[in-house]
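Colleague: Please take a close look at one part of this model and describe the residues there one after another, with the cut-offs behind each term.

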Amino acid sequence: MFLDRIALLLVIVGALNWGSIGIFGFDIVAALAGGQLAIISRIIYTLVGIGGLWCVSLLFRDREAYAHSN
């Protein structure tokens, strides 16, 4: 499903950003978008959060039914 792939991409972006913060103390999103409170950063953070919520639904889907729908 297209939305699943978009959500997964957003979660990967978020995970890489958090990894960068944890390891290097560097927020990639904030650096690229003008700071943590910049509107672009907040939009990206919000989209990553929504992507994460969407990915929670992947845990509860019937895998066989999902495999046959692709």
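Modeller: N17 lies in helix α1, where a helix is a DSSP run of H or I with at least four residues, numbered from the N terminus. The model is predicted, so local features need pLDDT of at least 70 and side-chain atom pairs count only at pLDDT 80 or more, while totals for chains, interfaces and linings use all residues. Residues are numbered from 1 along each chain as its sequence is written, and side-chain values use heavy atoms, with hydrogens and water left out.

With a relative accessibility of 6%, N17 counts as buried; buried means under 20% relative accessible area, exposed over 50% and partly exposed in between, for a 1.4 Å probe and protein chains only. Leaving aside residues up to four places away in sequence, N17 touches F26, D27, I28, V29 and Y45, a contact being heavy atoms within 4.5 Å. One of these partners, I28, is 11 residues from N17 along the chain, and their C-alpha atoms are separated by 5.8 Å.

The helix that holds N17, α1, has 23 residues and reaches 33 Å from its first C-alpha to its last, close to the 33 Å expected at 1.5 Å a residue; the expected span is 1.5 Å times one less than the number of residues. Its buried residues are D4, A7, G14, N17 and S20. After α1 comes G25, which has a positive phi, near 70°.

Now the packing of α1 against α3. The axes of α1 (residues 2-24) and α3 (residues 39-58) come within 8 Å and cross at roughly 120°. This makes α1 oblique to α3. Axes are lines fitted to C-alpha atoms over the stretch in contact, with angles from 0 to 180 degrees between N-to-C directions; under 35 degrees counts as roughly parallel, over 145 as roughly antiparallel, 65 to 115 as roughly perpendicular and the rest as oblique. The crossing of α1 and α3 is left-handed, that is, the near helix is turned anticlockwise from the far one by less than a right angle.

On the α1 side the contact is made by L3, D4, A7, L8, L10, V11, V13, G14 and N17, and on the α3 side by Y45, L47, V48, G51, G52, W54, C55 and L58. By class, this contact has 12 nonpolar, 4 polar and 1 charged residues. Ala, Val, Leu, Ile, Met, Phe, Trp, Tyr, Cys and Pro count as nonpolar, Asp, Glu, Lys and Arg as charged, and the others, Gly among them, as polar.

On the α3 side, V48 is buried, with a relative accessible area of 18%. Not counting residues up to four places away in sequence, V48 touches L10, V13 and G14. G51, also placed in α3, counts as buried at 3% relative accessibility. With the same sequence neighbours left out, G51 touches A7, L10 and V11. G51 and L8 are 43 residues apart in sequence and 6.8 Å apart in space, C-alpha to C-alpha.

C55 is found in α3 as well and counts as buried at 15% relative accessibility. Beyond residues up to four places away in sequence, C55 touches A7, L8 and V11. The C-alpha atoms of C55 and L10, 45 residues apart along the chain, are separated by 9.8 Å.

S41 lies in α3 too, and at 0% relative accessibility S41 counts as buried. Its contacts, not counting residues up to four places away in sequence, are V29, A30, A33, G35 and Q36.

Definitions and conventions: Helices (H or I, at least four residues) and strands (E, at least two) are DSSP runs, numbered from the N terminus.
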